[in-house]
Amino acid sequence: MKDVLLLVGAGQIGMAIARRIGFNKKIIIGDKNLDNAKKIADIMYNAGFDVNYLEVDLADRKSIKNYIQEAQKYGQIGMLINAAGISPSQASIETILKVDLYGTAVLLEEVGKVIKPYGTGVTISSQSGHRMEALGSEIDEQLATTDCEDLLSLPVLQAENIKDNLHAYQLAKRCNVKRVMAEAVKWGKKKARINSISPGIIVTPLAIDEFNGKRGAFYKNMFAKAPAGRPGTADEVANVAELLMSEKGSFITGADFLVDGGATAAYFYGDLNK
């Protein structure tokens, strides 16, 4: 029996992180699309990793619990990488909130119940959550602590208060960061840690969908005017995740790390503010 690493979301960022920290562990890849999960599993298996894959639907608590229970057959849950999500161009407002917001909250809660002592986790949020205006301490607390099954009933998440798909995505990612902070307190009772990373524009199939979507020019302008002057790579996100999930990051929990080439800084104080 090995320690189990849960990788939720069969994409480039999740795989890059798993390849850094997944040696000598049983990696269970979960994705709603089994073809995607198998594709990533095959790549990792052929690189020498011990990998299985399962179906999991983040919009469904029962599916999440079944995924975790199946993974536990291989050993104790020692690590979580949550890299699942839907971009603004890929789904409706309702689906974005159900998967990116509700689903992430449920996953963190359910894994927190079974994470082994001194386990670690990281969830992938987004720079988008940092672009939105302040919601105020009351709404932040609601997003952080409301029971998962009541989250989507919060006034701030009702249709009349959401401008468009991008706004829904921003709200989901703001919620992710707040949820990680609240969960870090609960995970800490097991000496376990959970953090989030908010990437900027990272070249992945999901990002390419955005480049070719209706907001493509906006995104290309964003990374061109950011201090780094370019999009990032999945391995650059993995650099940060490796720190957070290793002993070198043992004093870091409940935190969020912007990995966006300075785009958010430029949005508030640079060329993207013009």
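## How two helices cross

In this predicted model, the crossing of helices α3 and α4 is right-handed. To find the pair in the structure, look for residues 61-72, which form α3, and residues 93-114, which form α4. Their axes lie 10 Å apart and the helices pack at an angle of about 35°.

Which residues make the contact between α3 and α4? From α3 come R61, I64, K65, I68 and Q72. The α4 side supplies Y102, G103, V106, L107, E109, E110, V111 and V114. Sorted by class, this contact has seven nonpolar, two polar and four charged residues.

## The sheet

Now turn to the strands. Seven of them form an open sheet with parallel pairing, and their order is β3-β2-β1-β4-β5-β6-β7. Try tracing that order in the structure: β3 (50-55) and β7 (256-259) are the edge strands, each pairing on one side only. Neighbouring strands are turned against each other by 20° on average, direction ignored.

One pair to pick out is β1 and β4, which run in the parallel sense and are joined over five bridges. For a single example, L7 has I81 of β4 as its bridge partner.

## Helices on the sheet

Helix α3 appears again here. It lies across β1, β2 (26-31), β3 and β4, and runs at about 150° to β1.

Another helix, α8, also packs on the sheet. Which strands does α8 touch? They are β4, β5 (120-124), β6 (193-199) and β7, and the direction of α8 makes about 165° with that of β6.

## The nonpolar cores

In soluble globular proteins, nonpolar side chains tend to be buried together. Here the largest nonpolar core has 45 residues, and the members that touch the most others are L6, V8, L80, V111 and L157. Several elements each supply at least two residues of this core: β1 (4-8), α3, β4 (77-82), α4, α7 (148-151) and α8 (165-188). Which element gives the largest share? That is α4, with 10 residues. A separate core of 31 residues lies apart from this one, and its members include I29, V51, I124 and A238.

L6 is a good residue to click on. Leaving out residues up to four places away in sequence, L6 touches I28, Y67, I68, A71, I77, M79, L80, I81 and V111. Two of these names may look familiar: I68 and V111 also take part in the contact between α3 and α4.

Key. Residues are numbered from 1 along each chain as its sequence is written. This is a predicted model: local features need pLDDT of at least 70, side-chain atom pairs count only at pLDDT 80 or more; totals for chains, interfaces and linings use all residues. Side-chain values use heavy atoms; hydrogens and water are left out. Axes are lines fitted to C-alpha atoms, for helices over the stretch in contact, and angles run from 0 to 180 degrees between N-to-C directions. Helices (H or I, at least four residues) and strands (E, at least two) are DSSP runs, numbered from the N terminus. A crossing is left-handed if the near helix is turned anticlockwise from the far one by less than a right angle, and right-handed if clockwise. Contact means heavy atoms within 4.5 Å. Ala, Val, Leu, Ile, Met, Phe, Trp, Tyr, Cys and Pro count as nonpolar, Asp, Glu, Lys and Arg as charged, and the others, Gly among them, as polar. A nonpolar core is a set of buried Ala, Val, Leu, Ile, Met, Phe, Trp, Tyr and Cys residues joined through side-chain atoms within 4.5 Å. Buried means under 20% relative accessible area, exposed over 50%, partly exposed in between (1.4 Å probe, protein chains only). Two strands pair if DSSP finds at least two bridges between them.
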